[in-house]
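Biologist: Mind walking me through this one? I'd like to know what stands behind each label.

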Protein chains: 2
Amino acid sequence: MARGTRETILTAAIELMRVHGYAALSMKQIVAASGAPIGSIYHHFPEGKGQIAREALVNSGVAYAAVIPMVMAEQLELGAGIRAAFAQAADDMESAGYANMCPVSTVAGEVANSDEPLRLAAASVFGDWITLGRMYFHSRGLAEDLAEEVVIAIICSLEGAFVMARTLRSKTPLLAAGRAVAGTYDGIALLPVPAGSQTLL
Amino acid sequence: MARGTRETILTAAIELMRVHGYAALSMKQIVAASGAPIGSIYHHFPEGKGQIAREALVNSGVAYAAVIPMVMAEQLELGAGIRAAFAQAADDMESAGYANMCPVSTVAGEVANSDEPLRLAAASVFGDWITLGRMYFHSRGLAEDLAEEVVIAIICSLEGAFVMARTLRSKTPLLAAGRAVAGTYDGIALLPVPAGSQTLL
DNA sequence: ACTGTTCTAGAGCGACTGTTCTAGTATGTG
DNA sequence: CACATACTAGAACAGTCGCTCTAGAACAGT
């Protein structure tokens, strides 16, 4: 990837926000990590740090939206699928050395009561996740109301467990939270995914 | 409360961290909010901002440990108790204008991969919550393993739902997450709380 | 080849950061 | 009373913050 492009700047910003959050993210770090000089950065993002964070958050949000459908694809029972998703997340987190897996909720927690534009960016990411998740589970045979409830519960539990797992350096929170949510939905069948269907949903 | 005491400084710091998080918390804000001059602050907390945050976090942690037992006291069934706890949290959050209810996980998310001493402080708070919660639910008749699993699931789900609720300005995440966790534990009886027992556990 | 636009490049700005320092004021203890 | 300790008070420091500015390089269309 060529250095100094819009894309590299956003990639660097997301990577830094995953580790440091938003407030502790500095322009100097973005310069160093992206290879783009300050002038270029302000050329591409004239509104500065806030704009970069907003766009980086939204950018990374759409990437994460594809994760749940991917890990759920082979599952034919909702409870088992949820358990599998959390177990997968636990393994990923452990092998990543308990690094932050998702900057969205970290940043959302920081700014939800202090930076309105960023809060709105995070809200749109959450909103998209819920909409896409509802559509996905509906396509797998769940009623829309149930589908939305399932998605919200999974995201809340997963994000909370991410924080605790990172803090305690332990997979246990992810596994326990996964089992707790899954139990409610045991025995609910999932329709198989149509062959060759888009993974976008 | 006399201004400039250790206590007022910690109180001010927690209040500020609830809104701004750790990185965006400044000494100047602590001075303004606590009424204590810089000299006094560094007299009481010679290690500076990090020490204040650590102690404030631990301080507030013990306060929150009493919340779940309080709202669960009258409940005699685990699933219903969990639903009641999340519904209570949703009402509290709405009437507080979706202000942050718990600085611990917000700060934990910020620092878990970048500030080791603060991470350890947050980890000890989470650890205490789990220990106290396990003891509490065990005293209400649950096996210790189940008790610990329930506590971890509740905390993860609650903290994740806090972030989403604050970001979306909606009670829905708290209610949905509560229902999802509660369903797994429906039908499990809780022993009544012994009359006049300590609320500390 | 010429001209206008897009982008690179980084020195420098004022504001603010956490922290240190010296001085002075209370508050005990003998 | 004297004297040490505990605390108040805020000016000042080096460093960093996000950001602006001017100047030149690269590339487009004609």
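Biologist: What rotation superposes chain B on chain A?

Modeller: A rotation of 180° with 0.0 Å of shift along its axis, at RMSD 0.0 Å; copies are superposed by least squares on the C-alpha atoms of residues with pLDDT of at least 70 in both. That is why we have the relation of a two-fold axis here. And 100% of the contact residues of chain B recur in chain A, so the same surface serves both copies.

Modeller: Ground rules: this is a predicted model, where local features need pLDDT of at least 70, side-chain atom pairs count only at pLDDT 80 or more, and totals for chains, interfaces and linings use all residues. Residues are numbered from 1 along each chain as its sequence is written, while chains are lettered from A and ligands numbered from 1 in the order in which they are written.

Biologist: What makes residues of chain B and chain A count as in contact?

Modeller: Their C-beta atoms, placed from the backbone, must lie within 7 Å. By that test 43 residues of chain B are in contact with 43 residues of chain A. Helix 9 (144-168) of chain B gives the most to that side of chain B, with 15 residues. Helices are DSSP runs of H or I, at least four residues, numbered from the N terminus.

Biologist: Which residues are the closest to DNA strand C?

Modeller: Gly39(A), Ser40(A), His43(A), Ser26(B) and Gly48(B), out of 15 that surround the strand. A residue is near if its C-beta atom, placed from the backbone, lies within 6 Å. Helix 3 of chain A supplies the largest share of that surface, four residues.

Key:
Two residues are in contact if their C-beta atoms, placed from the backbone, lie within 7 Å. Helices (H or I, at least four residues) and strands (E, at least two) are DSSP runs, numbered from the N terminus.
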